[in-house]
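Welcome, and please load the model in your viewer. We will go from stop to stop, with a selection to make at each one.

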Amino acid sequence: MSRYPVFDRAQLQLRPLAERQHDLTLPSHLPHSLPVSRYEHPDLDELVAAISAARQSGRPVLCMIGAHLIKQGLSGSIVELIEKGMVTHVATNGAGIIHDFELAGRGGTSEDVGRYIRRGEFGMWADTGRINAIACEAARNGEGLGEAVGRVIERERFPYRAWSIAAAGWRHGTPVTCHVGIGCDIIHQHPNCDGAALGASSYTDFLIFAQAITELEGGVFLNIGSAVTGPEVYLKALSMARNVARQAGCSLAQFTTAVFDLVPLPDDWRSGTAPKTQAQYYYRPWKTILIRTVADGGRSFYFCGDHRVTLPALCQRLREARSGATRPAA
């Protein structure tokens, strides 16, 4: 037992999710395979070619996403990439799996933090706490958390499961892994939260992700809207994979990375990271994904812009590449 006082969760009062006003509902979601506004970037076709070549040669395409993508109504784009076999692995953080679960079950997710925090009601939604029970089951069964959530959503036929990334992964045998930071997510507030079970099931997901990274030679790693979890989880998994590859006398260097985000980078970002005296030095996607981990022969691309424009544009270009269609001239 700790010598310090701990919070007694039995004091907490949870409310039904049906009583919450959602900031995001399905009517505001973008449809699957939607037509998109024109987005031009000199490197986008090269990234599409790299993804297409990787899949044609049986190499993996891993996609790490931030929860913000779901809140922007972009679940359909990720589901499409899974269903068409253009990505072989999707990873997200704890908030990502929570928004996915709520959206699949209720058709809405996200809340007005300013409104609910005033009364200590932020995150206190009993229905969402079921993820804690799923984590316990996953830990007992040796499953990953993302895998278990997808299984439950699909097998129990949640009413809006067509929009669920985790369920799409379960249907198609595509790993969807959840990388949790304890204390970061609303379900960690709940009395039924078992930190050991969350740790075990999320760690299984990390090992699933690390195993996928061992196959990255000739493949692609996409980081879309994840400024911390994506770069950090990828960095540790890549170090593990390269450690094993080195022992086998193999290389893990010839692959492509791409970051889609909102932070402007200088035009010469490929020349190296910002000095430590500048705030941009601490922007992990730049130094980790775009520079350090491809320094031995890989390629990297950066696409700055609204995810509701850039991600659907990527999906559309991939559709065109699959069908052999020619884009109209600018």
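Start by selecting Arg317, which is buried, with a relative accessible area of 7%; buried means under 20% relative accessible area, exposed over 50%, and partly exposed in between, using a 1.4 Å probe and protein chains only. Before going further, note that this is a predicted model, in which local features need pLDDT of at least 70 and side-chain atom pairs count only at pLDDT 80 or more, while totals for chains, interfaces and linings use all residues. Residues are numbered from 1 along each chain as its sequence is written, and side-chain values use heavy atoms, with hydrogens and water left out.

**Stop 1: salt bridges**

Keep Arg317 on screen and add Glu40: the two form a salt bridge, with 3.6 Å between the closest N and O atoms. The term stands for a side-chain nitrogen of Lys or Arg within 4 Å of a carboxyl oxygen of Asp or Glu. Glu40 sits in the loop between strand S1 (22-25) and H1, and Arg317 in helix H12 (residues 307-323), so this pair ties together parts 277 residues apart in sequence. Helices (H or I, at least four residues) and strands (E, at least two) are DSSP runs, numbered from the N terminus. Unlike the buried Arg317, Glu40 is partly exposed, at a relative accessible area of 42%.

Next, select Asp43 and Arg270, whose side chains meet in a salt bridge of 3.5 Å, N to O. Arg270 lies in the loop between strand S7 (256-261) and helix H11 (284-291) and Asp43 in the loop between S1 and H1, so the pair ties together parts that are 227 residues apart in sequence. Which of the two is buried? Asp43 is, with a relative accessible area of 15%, whereas Arg270 counts as partly exposed at 47%.

Now pick Glu80 and Arg319, another salt bridge, where the closest N and O atoms are 2.5 Å apart. This pair links distant parts of the chain, with Glu80 in helix H3 (residues 75-83) and Arg319 in helix H12, 239 residues apart. Both ends are covered: Glu80 is buried at 4%, and Arg319 counts as buried at 19%. For a linked group, select Arg15, Glu19, Arg119 and Glu121, which are joined into one network by salt bridges that share partners. How many salt bridges does the structure hold? There are 20.

**Stop 2: the nonpolar cores**

Select Leu47, Ile51, Ile78, Val149, Ile165, Leu222 and Leu314: of the 59 residues in the largest nonpolar core, these touch the most other members. Such a core is a set of buried Ala, Val, Leu, Ile, Met, Phe, Trp, Tyr and Cys residues joined through side-chain atoms within 4.5 Å. Helix H1 (residues 44-56) gives the most to this core, with 6 residues. A second, separate core has 30 residues, including Met64, Ala212, Leu238 and Leu290.

Zoom in on Ile78. Apart from neighbours within four places in sequence, Ile78 is in contact (heavy atoms within 4.5 Å) with Cys63, Ile65, Leu69, Val90, Ile165 and Leu311.

**Stop 3: helix H7 and its surroundings**

Select residues 145-155 for helix H7 and 195-213 for helix H9; their axes come within 7 Å and cross at roughly 100°. Here axes are lines fitted to C-alpha atoms, for helices over the stretch in contact, and angles run from 0 to 180 degrees between N-to-C directions. The two helices H7 and H9 are therefore roughly perpendicular, a label for angles of 65 to 115 degrees. To see the contact, show Leu145, Gly146 and Glu147 of H7 with Leu198, Ser201, Ser202, Asp205 and Ile208 of H9.

Add H8 next: the axes of H7 and H8 also come within 7 Å, crossing at roughly 85°, which makes H7 roughly perpendicular to H8. On the H8 side, the contact is made by Ala166, Ala167, Trp170 and Arg171.

How many residues of H7 are buried? The count is 9 of 11, so H7 is mostly covered. The cover over its buried residues includes helix H4 (94-106), helix H6 (130-141), helix H8 (165-172), strand S5 (176-179) and H9. Just after H7, click on Arg157, which takes a positive phi of about 50°.

**Last stop: Gly96**

Finish in helix H4 with Gly96, which is buried at 2% relative accessible area. Leaving aside neighbours within four places in sequence, Gly96 is in contact with Ala67 and Ile70. Turn on a distance label to Gly85, 11 residues away along the chain: the C-alpha atoms of Gly96 and Gly85 are separated by 21 Å.

Terms used: Angles under 35 degrees count as roughly parallel, over 145 as roughly antiparallel, 65 to 115 as roughly perpendicular and the rest as oblique.
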